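Me: Please take me through the interior of this model, looking closely at any enclosed empty space and then at the packing of the helices. I would like one connected account that I can follow with the structure open beside me.

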Amino acid sequence: MSARFVVLVAGIFCFFAALVTQGFLPFFEPSARSTRVTAVTRTDLGQLKWIQTEATDYTPQQKLGRAVYLREGCWYCHSQYVRPVTGETRRWGPVTESGEYAYDVPHLFGTRRIGPDLTRVGLKYSDEWHLAHFWNPRMLSPDTVMARYRGLFDTPEQPVAIVDDGAGNRTLEKTPVTEGLFDFASQKQIRLTPSADGLLFVPTQARGKAPVIVIPNEEYTGSTVQIAAETKDLEGLVAYVQKLGMNRGKWRDLFEPQQLEVMDATMPRSSEWIAHGKEVYGRRCLGCHGVNGDGNGPAATFMFNQRPRSFAAAVFKFRLTKEPLPTDGDLLRTITRGVRGTAMPAWYDLPLNDRLAVIQYIKYELAVDRSDPAKPYAYFVEEPPGAPLYIAKPPEASQQILDRGKEVWQVAKCWECHGMTGKGDGEKAAGLKDDLGFGIVPADLTSGQFKSGTAVEDIFRTMTTGLSGTPMPSYRDALPEKDRWALSYYVLALSAYKDPLTGEPLAIADTDRAALNDLNLEADSPDKAYVPGRGPAQKASQSGEGDGGSVTGKQHTAKGD
């Protein structure tokens, strides 16, 4: 028997084995059609617990995006499957479950990982990050081999002039192109800022609004702009990508690799570390924050909701110090965790030395006032940060604390910006600006996308220090510590039992809600997921297919009550 014959027989066998296992068996094995998954939800008392639920189908917009994803060949390079090995679970997230693919026909497991796996990419980045990434991936990921997808944008050939609108604002010249994108007679405005090279991104939400060109710090000095407008295909593609992994709920809030907690981290100033930090910054940070750290990188025009941080102003939002400047530990925490809900991603997979080095570069080269070239003012040299503030152990959550937090919410007038229900639609929301003159949107606290972190200690830190450079004040002197803890728990509760992607309430029976609110209930892993209608501490495999209840964004109710 020749080797050639053996190879031929083996090849034929493998072909038919694959045909049977992937082509025929899924039609006969009911578990292949299961919608059962485990997901993380936040309880009324702020705890994060795993619960058995069901996957939801794609919306029409997400289905359009999936069709675009297939059409453009994104699946050639990106897989969608997390295997049960440490390297994958620490990089991507929880192990894949079969129910996640109930609505994927065909499935896109993939075996080639030329690009990152996308199983858990939902809400890892903001919509704005994805938009910039599709325009030019190398602005954000210089090592990538991904092609530019500018064909997904509407890019008129002729530049458009910036003109005065007669009311003290700058706007765009009325042309057939701009009149097709905007409604110049509308009372609603959309504030847009061109990049330094004259590119102006126009999002879908600009349709029906009047454009206002905002350039408060001379981010662009030209008189015309080149437009790149969002299309329906692009909007759908971003919606599809954001859906991936979100059937598992708020799992990212429990993702250990980006849960770094540090009070302080010190290292001596070194020209070698600064030089290395400059190299890291050029490869990882320049696309958004700009060459000079002024928050005006080439991708900044896509970030029309929340501009990148300007390091040159030495104003940092997230810190645990009484003084405005953060410690190295504060900066390390922010870089590692990222800033949820914004274009700032988590950099937990970046080597620690790279993160520490870029902190040195930011502190000693970018956070410098150079208005007087003869006497540059290095903030971190002239005004070194003080010692970290102490945060005591939080009080145990209770309904009494939540009730007090609701009262403090009213007294502190949080509703003026964040709205009565916390959706960021308060009466003062529309006119808010940051210290650099850009419009700023109050956080939608019902989404659970907390910028400073998802633990009650993180919310308390924000209540204590405020967010420098924004209208969010410090309540350190205005509210006693117990009221800040109560308010922090109340803020967490605003996102309790909400779908993290849509913000819609989960349909869950009162008995199950009460059981999940029990502080002693252990449901800290998928195999301990709470089963609605059956009780705690039952493995998903122990409940037969079709038994138990579900918690989804759809109007299901728990069975067996």
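Reply: A cavity here is a set of grid points, computed over the protein atoms alone, where a 1.4 Å probe fits but cannot get out. The model is predicted, and with that meaning of the word the structure holds five cavities of 30 Å³ or more.

The largest cavity has a volume of about 140 Å³. It is lined by 13 residues, of which Tyr58, Glu100, Asp104, Leu244 and Gly245 are the closest to its centre. Sorted by class, the lining of the largest cavity comprises five nonpolar, five polar and three charged residues.

The second largest cavity, with a volume of about 90 Å³, has a lining made up of Gln258, Gln259, Arg337, Gly338, Arg340, Lys451, Ser452, Gly453 and Thr454. In this lining there are no nonpolar residues, while six are polar and three are charged.

Turning from empty space to packing, helix H2, which covers residues 60-71, lies against helix H6, which covers residues 232-243, with the axes 7 Å apart and an angle of about 100° between them. Angles of 65 to 115 degrees count as roughly perpendicular, and H2 and H6 are therefore roughly perpendicular to each other. On the H2 side, the contact is formed by Gln61, Gln62, Leu64, Gly65, Arg66, Val68, Tyr69 and Arg71, and these meet Lys232, Asp233, Glu235, Gly236, Leu237, Ala239, Tyr240 and Lys243 of H6. The residues of this contact divide into six nonpolar, four polar and six charged.

H6 also leads to another helix, H4, since H6 is one of the elements against which the buried residues of H4 pack, together with strand E6 (199-202) and strand E8 (224-229). Helix H4 itself, residues 127-135, is mostly covered, with eight of its nine residues buried. The buried residues are Glu128, Trp129, His130, Leu131, Ala132, His133, Phe134 and Trp135.

A last place to look is the loop between helix H5 (176-181) and strand E5 (189-192), where Phe184 is found. Beyond its neighbours within four places in sequence, Phe184 is in contact with Thr171, Leu172, Glu173, Lys174, Thr178, Glu179, Ala210 and Pro211. For one of these partners, Leu172, the separation from Phe184 is twelve residues in sequence and 9.2 Å in space, C-alpha to C-alpha.

Note on methods:
Residues numbered from 1 in each chain as written. Predicted model: local features only at pLDDT ≥ 70, side-chain atom pairs only at ≥ 80, totals over all residues. Heavy atoms only, no water. Axes fitted to C-alpha atoms, helices over the stretch in contact; angles between N-to-C directions. Helix = DSSP H or I, 4+ residues; strand = E, 2+ residues; numbered from the N terminus. Parallel < 35°, antiparallel > 145°, perpendicular 65-115°, else oblique. Contact = heavy atoms within 4.5 Å. Nonpolar A, V, L, I, M, F, W, Y, C, P; charged D, E, K, R; others polar. 1 Å grid on protein atoms, 1.4 Å probe; cavity = no way out; pocket = protein on both sides within 12 Å on 5 of 7 lines; lining within 4 Å. Points joined across faces, edges and corners; volume = space filled by probe spheres on them. Buried < 20%, exposed > 50% of the residue type's maximum accessible area, 1.4 Å probe, protein only.
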